[in-house]
Amino acid sequence: MFHRIRSAVAALWSRRAIEGELDEELRDHIERDTAHRITLGANPVEARRAALAKFGAIEGTKDDVRDEHGITMLDDISRDVRHSIRRAVRNPQYTALVTLTMALGIGAATAVFSAVDGVLLKPLPYTDPDAIVTVWQTRPAEGVERDDFAPATFLEVRERANTFSDVAAANPYGVTLSTPGRSEYVEAWQVSEGFLRLLGVAPYLGRNLEAQDFITGSAPVILLDYGFWQRRYGGDPAIIGQALSIDGSSSTVIGIMPRGFDLPEPADIWMPWVLQDDERADRFATYIRVYGRLAPGTTPDVAQAELEGIATTLEREYPRSNAGVGLALVPLHEYLVGSSRQLLYTLVGAAAILLVVSLVNVAALHLTRLARGRRESAVRTALGATRRQLHD
């Protein structure tokens, strides 16, 4: 099939030359055979008639050659297209109804399938996303399956867990960005050391957060969200290295986050989280998100078993704050998709049903139209139309 299509496309550009060569070759064969018969004593008229009879129908031979080059296939397609266009123009109401029906079915199916592909099928834009998990505090007695971490509990888990190559946290933190004559509140996330390394995320511009940025007393630095950078600063790369007033203090812009980065949730600024002494001792206030990257060769079940052991130890060591508090991990993809998985599958089913209904409706319209056009079908059959052509 590929060879025929390629041959047909090549013949399309050289059809006139092929037809000329074909006529010349056929004429040459007939002339030679006629001359040969004349040399044997035949009458010129009879000799030519005999040559033509021996060679066969000229147009049939031409059709065989055209078919070999794929020209016949192109002619059939061209004829079918012209016929279909003529019928569509003659029946604009029917054409509009069929087009609208198919557009609704295909459009809805395409929209739903695109959403499913983007949410359920495409891999997350992180390095080895299957190894990234979210970690939660739980309180089974209170029916709480996912609760944020207290800072001290996060530090304990990071210190004691061996099934993770990295454990990091993010702290929601709104700030005031001030410029001459203007101040505005912006959403921010403070992230612990290793958070972006855990995800395998590199800035779109500038540099990433490094170990020295998390040392107490180090110069404050920030990373800007890509969308915020575009809206507020017009995408000017010169913003890198400039100092911005954040909550009245000067912070240097060191980079721009990748387009679409929104973990844990969309924000305008990311900054290093340097834990203070009171935060390190806090085991009661739960407000930080914790993420982990499984060590190579570690399965989620093994890591979950270790977390349960850590939770039991913390409950014994700190009964006042950790009594009845468990630990659970959820793969990152499952956490991000969450309850929308069932909804998306339901939408896929609905879109598939809508597409089938659209096809059935179009088929019914087509059959009705064919039933009304029996006389035309009979004429086309008498003229040599194939079954497929009758249904065009």
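A residue counts as buried when its relative accessible area is under 20%, as exposed when that area is over 50%, and as partly exposed in between. The exercises below apply this to a predicted model.

**Exercise 1. How many residues of helix α7 are buried, and which are they?**

Solution.
- Step 1. Locate the helix: α7 covers residues 151-160.
- Step 2. Apply the cut-off of under 20% relative accessible area. Seven of the ten residues in α7 pass it, and the helix is mostly covered.
- Step 3. Name them. The buried residues of α7 are Pro-151, Ala-152, Thr-153, Phe-154, Leu-155, Glu-156 and Val-157.
- Step 4. Set this beside the whole chain, where 38% of the 392 residues count as buried.

**Exercise 2. Why is strand β12 described as largely enclosed?**

Solution.
- Step 1. Find the strand at residues 289-294.
- Step 2. Count its buried residues. Six of the six are buried, so the rest of the structure largely encloses β12.
- Step 3. Check each face. One side carries Arg-289, Tyr-291 and Arg-293, the other Val-290, Gly-292 and Leu-294, and both sides are covered.
- Step 4. Look at the strands paired with β12. Strand β1 (residues 132-139) pairs with β12 in the antiparallel sense over four bridges. Strand β3 (residues 164-172) also runs antiparallel to β12, joined by six bridges.
- Step 5. Pick out single bridge partners. Ile-132 is partnered by Arg-293 of β12, and Ala-169 by Val-290 of β12.

**Exercise 3. Which salt bridge does Arg-289 form, and what parts does the pair tie together?**

Solution.
- Step 1. Recall the principle: side chains of opposite charge can pair when their charged atoms come close.
- Step 2. Find the partner. Arg-289 meets the side chain of Asp-148 in a salt bridge, with N and O 3.3 Å apart.
- Step 3. Place both residues. Asp-148 sits in the loop between β2 (144-147) and α7, while Arg-289 belongs to strand β12, so the pair ties together parts that are 141 residues apart in sequence.
- Step 4. Classify them: Asp-148 and Arg-289 are both buried.
- Step 5. Note the total for the structure, which is twelve salt bridges.

**Exercise 4. With which residues does Arg-207 form salt bridges, and are these partners buried or partly exposed?**

Solution.
- Step 1. Start with Arg-207, which is partly exposed at 28% relative accessibility.
- Step 2. Take the partner Glu-210. Its salt bridge with Arg-207 has an N to O distance of 3.9 Å. Glu-210 has a relative accessible area of 35%, so it is partly exposed.
- Step 3. Take the partner Asp-213. The closest N and O atoms of Arg-207 and Asp-213 are 2.9 Å apart. At 5% relative accessibility, Asp-213 is buried.
- Step 4. Turn to a network elsewhere: Glu-156, Arg-160, Arg-283 and Glu-317 are joined by salt bridges that share partners.

**Exercise 5. How does the span of helix α11 agree with the expected one, and what covers its buried residues?**

Solution.
- Step 1. Take the helix at residues 300-317, which has 18 residues.
- Step 2. Compare the spans. From first to last C-alpha, α11 reaches 25 Å, close to the 26 Å expected at 1.5 Å a residue.
- Step 3. List the buried residues: Ala-303, Gln-304, Glu-306, Leu-307, Ile-310, Ala-311, Thr-313 and Leu-314.
- Step 4. Consider the helix repeat. An α-helix has 3.6 residues a turn, so residues three or four places apart point the same way.
- Step 5. Identify the cover. The elements covering the buried residues of α11 include β1, α7, β3, β12, α12 (319-322) and β13 (326-331).

**Exercise 6. Where do Asp-128 and Asp-247 lie, and what is the sign of phi in each?**

Solution.
- Step 1. Asp-128 is in the loop between α6 and β1. Its phi is positive, about 45 degrees, although Asp-128 is not a glycine.
- Step 2. Asp-247 is in the loop between β9 (243-246) and β10. Its phi is also positive, near 55 degrees.
- Step 3. Classify both by accessibility. Asp-128 is partly exposed at 45%, and Asp-247 is partly exposed at 41%.

Terms used: Residues numbered from 1 in each chain as written. Predicted model: local features only at pLDDT ≥ 70, side-chain atom pairs only at ≥ 80, totals over all residues. Heavy atoms only, no water. Buried < 20%, exposed > 50% of the residue type's maximum accessible area, 1.4 Å probe, protein only. Helix = DSSP H or I, 4+ residues; strand = E, 2+ residues; numbered from the N terminus. Pairing = 2+ DSSP bridges. Expected span 1.5 Å × (residues − 1). Contact = heavy atoms within 4.5 Å. Salt bridge = Lys/Arg side-chain N within 4 Å of Asp/Glu carboxyl O.
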